[in-house]
Amino acid sequence: MGGFSATPAFIQTDAAINIGNSGGPLVNLDGEVIGINTMKVESVDGISFAIPIDYAKDILTQLTSHGEVRRPYLGVKLLTVTPSLMKMLKRRGRKFPSSFESMQGGAEDGIGVMVHEVLPQSPADKGGLRPGDIIVEINKEKVQSTRQLIDTMTETIGKSVSMKVLRGKDGAPLEVQVTPTTLKGRH
């Protein structure tokens, strides 16, 4: 979100893709289009990647609505916090608020989003986000992963959003207002 790649998680496939013929549909066994074949690993036969169809539909909607693809820019580097990641970070000396530690989830389920870095003069900096903050809600909706946060921010470009963050040792909930802008030049 400012330094983040707007590229979606790709679907790995063994579909035969050769240079010059990418872009065809990737279909499942029911004949439903689930992706668009995009690239091939050059050094290995039989490994290719496709863009998920939902991502392609989102791009089409944005092009139709805005004439361009819009990406949110907050100016932060984020990390989805899972119970297993929290455990690892704690072993390295990272302290988490007790209110956050008590949140439940499976070992790989996201339970919040930690702000790793805030770029100076960015929308996040101007809104009051700080490194170490843990974002748990946006506009009163629970946030569990970086992907969920990015998807939410895409819908709020240019609008002020309320974020509930946990800050410091005590983890007292704090409300910050952030207005994401459009990331220019990265499609």
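The paragraphs below go through this predicted model from its overall make-up to its sheet, helices, salt bridges and unusual backbone angles. Local features are taken only where pLDDT is at least 70 and side-chain atom pairs only at pLDDT 80 or more, while totals for chains, interfaces and linings use all residues. Residues are numbered from 1 along each chain as its sequence is written, and side-chain values use heavy atoms, with hydrogens and water left out.

The protein has five helices and 12 strands. Both are DSSP runs numbered from the N terminus, helices being H or I over at least four residues and strands E over at least two. Of its 187 residues, 37% are buried; the term means under 20% relative accessible area, with exposed meaning over 50% and partly exposed lying in between (1.4 Å probe, protein chains only). The surface comes to about 10,700 Å², and 53% of it is supplied by carbon and sulfur atoms. Accessible areas are from the Shrake-Rupley method with a 1.4 Å probe, and for residues only the protein chains shown count as cover. A contact means heavy atoms within 4.5 Å. Among contacts between residues at least 6 apart in sequence, 56% join residues at least 24 apart.

One open sheet is made of four strands in the order β1-β4-β3-β2, with antiparallel pairing. Two strands count as paired if DSSP finds at least two bridges between them. At the edges stand β1 (11-13) and β2 (25-27), each with a single partner strand, so one side of each has no neighbour in the sheet. From one strand to the next the twist averages 45°. Inside this order, β3 (residues 33-40) and β4 (residues 48-52) pair in the antiparallel sense over five bridges, and K40 stands opposite S48 in β4. Helix α1 (residues 53-66) packs on the sheet and touches β3 and β4, its direction making about 50° with that of β4. For such angles, axes are lines fitted to C-alpha atoms, for helices over the stretch in contact, and the angles run from 0 to 180 degrees between N-to-C directions.

Helix α2 (residues 83-91) has L85, M86 and L89 as its buried residues. These three cover an arc of only 100° around the axis, which puts them on the same side of α2; the arc is that of the directions from the helix axis to the C-beta atoms. An α-helix has 3.6 residues a turn, so residues three or four places apart point the same way. The face of α2 turned away from the buried side carries the exposed residues K87 and R91. After α2 comes G93, with a positive phi near 100°.

The structure holds five salt bridges, each defined by a side-chain nitrogen of Lys or Arg within 4 Å of a carboxyl oxygen of Asp or Glu. One of them joins K77 and E117, with the closest N and O atoms 3.6 Å apart. This pair links distant parts of the chain, K77 being in strand β6 (residues 76-81) and E117 in strand β7 (residues 112-118), 40 residues apart. K77 is partly exposed at 38% relative accessible area, and E117 is partly exposed at 30%.

Another salt bridge is formed by the side chains of R167 and D133, at 2.7 Å from N to O. R167 lies in strand β10 (residues 161-167) and D133 in the loop between α4 (123-127) and β8 (134-138), so the pair ties together parts that are 34 residues apart in sequence. R167 is partly exposed at 28% relative accessibility, whereas D133 is buried, with a relative accessible area of 0%.

The salt bridge between R147 and D151 (3.4 Å, N to O) lies within a helix. Both residues belong to α5 (residues 146-154) and are four residues apart, about one turn of the helix. R147 has a relative accessible area of 37% and is partly exposed; D151, at 36%, is also partly exposed.

Positive phi values also occur at residues other than glycine. Q121 has a phi near 65° and sits in the loop between β7 and α4, where it is exposed at 59% relative accessibility. K140, with a positive phi of about 70°, is in the loop between β8 and β9 (141-142) and is exposed at 74% relative accessibility.
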